[in-house]
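Please open the structure in your viewer and keep the selection panel at hand. The stops below say what to select next and what is there.

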Amino acid sequence: MTWRFGTVVAAVGLLLATSCGKPSYEPRPINPDIDVCIICNMSVANEDYATEVVLTDGKIMTFDDIGCMMDYIQSYHNADNPIAKSYVYAASNWVELEQAWFAYHQDFWTPMANGVLAFPNKEQAEQYVTQEGKGNVLSFSDLKQHKWDGHQ
């Protein structure tokens, strides 16, 4: 009788462990020693410009520049393993791509010379553009329509 109780408890535990909610699709920390952009093959040496795409199977694609990530997003079509979430590194934190705001000017330095910088909110993007005395603030919708002048 004791082994049956143990088996039932183990089975219930296994069932609960495998059925608890959706995966979180969280980004992972950048490791500049090993992370390489899958588009341009450059090292992701500066976390401040890093971006990540998390696929539904949990695989994380890392990029050194927002432009590389947008190139990937716009050309990636895999019905069996779609993109679950996308992130930009902004103000020392990961921010979901759709929630972030961006500052653009052709003279803003980025690893692939795309000139697009990520911010966690509109106010910080506006403050940066004002401080620099040049550039435009872009929402995610604007970013999807942006003409990429860098490597693309």
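Begin by selecting Cys37 and Cys40 in this predicted model, and show their side chains. The sulfur of Cys37 has its closest cysteine sulfur in Cys40, at 3.7 Å, which is too far for a bond, because a disulfide requires the two sulfur atoms to be within 2.5 Å. Now add Cys68, whose sulfur lies 3.7 Å from its own closest cysteine sulfur, that of Cys37, and here too the separation is too far for a bond. How many disulfides does a search of the whole structure find? The search finds zero. Before moving on, consider how these side chains are placed with respect to the surface: Cys37 counts as buried, at 1% relative accessibility, and Cys68 is buried as well, with a relative accessible area of 0%.

**Helix H2**

Keep Cys68 selected and extend the selection to helix H2, residues 66-75, where the buried residues are Ile66, Gly67, Cys68, Met69, Met70 and Tyr72. What do the buried residues of H2 pack against? They pack against the strands S1, S2, S3, S5 and S6, and also against helix H4, which spans residues 140-145. At the start of H2, select Asp65 together with Gly67, and you will find that a side-chain oxygen of Asp65 reaches to within 2.7 Å of the backbone nitrogen of Gly67.

**The sheet of four strands**

Next, select the strands S1, S2, S3 and S4, which form an open sheet in the order S2-S1-S3-S4, with antiparallel pairing. Strand S2 (60-63) and strand S4 (93-96) stand at the edges, and each has a single partner strand, so one side of each is left without a neighbour in the sheet. From one strand to the next, the twist averages 25 degrees.

Within this sheet, turn to S1, which is mostly covered, since five of its five residues are buried. If you look at S1 from either side, both faces are covered: Thr51, Val53 and Leu55 are buried on one side, while Glu52 and Val54 are buried on the other. Strand S1, residues 51-55, pairs with strand S3, residues 83-90, in the antiparallel sense over five bridges, and to see the two strands face each other you can select Leu55, which stands opposite Ile83 in S3.

S1 also pairs with S2, again in the antiparallel sense, over four bridges, and here the bridge partner of Glu52 is Thr62 in S2. Follow the chain through the hairpin of S1 and S2, where four residues lie between the strands, and stop at Gly58, which takes a positive phi near 95 degrees.

**The salt bridges**

For the next stop, select the charged pairs, bearing in mind that a search of the whole structure finds two salt bridges. One of them is still in the sheet you have just visited, where Glu96 forms a salt bridge with Lys85, the closest N and O atoms being 3.5 Å apart. This pair links distant parts of the chain, since Glu96 is in strand S4 and Lys85 is in strand S3, 11 residues apart. Glu96 counts as partly exposed, at 29% relative accessibility, and Lys85 is likewise partly exposed, with a relative accessible area of 24%.

Then select Asp35 and Arg28, whose side chains meet in a salt bridge with an N to O distance of 2.7 Å. Is Asp35 buried or exposed? Asp35 is buried, with a relative accessible area of 5%, whereas Arg28 counts as partly exposed, at 30% relative accessibility.

**The sheet of three strands**

Finally, select S5, S6 and S7, an open sheet of three strands in the order S6-S5-S7, whose pairing is antiparallel. Strand S6 (116-119) and strand S7 (136-138) are the edge strands, each pairing on one side only, and the twist averages 30 degrees from one strand to the next. Strand S5, residues 101-104, runs antiparallel to S6 and is joined to S6 by four bridges, and within this pair Tyr104 stands opposite Val116 in S6. To complete the view, add helix H3, residues 122-132, which lies across S5, S6 and S7 and runs at about 15 degrees to S5.

Methods. Residues are numbered from 1 along each chain as its sequence is written. This is a predicted model: local features need pLDDT of at least 70, side-chain atom pairs count only at pLDDT 80 or more; totals for chains, interfaces and linings use all residues. Side-chain values use heavy atoms; hydrogens and water are left out. Two strands pair if DSSP finds at least two bridges between them. Axes are lines fitted to C-alpha atoms, for helices over the stretch in contact, and angles run from 0 to 180 degrees between N-to-C directions. Contact means heavy atoms within 4.5 Å. Buried means under 20% relative accessible area, exposed over 50%, partly exposed in between (1.4 Å probe, protein chains only). A polar contact is a pair of N or O atoms within 3.5 Å; within protein, one must be able to donate a hydrogen and the other to accept it, and residues adjacent in sequence count only if both atoms are side-chain atoms. A salt bridge is a side-chain nitrogen of Lys or Arg within 4 Å of a carboxyl oxygen of Asp or Glu.
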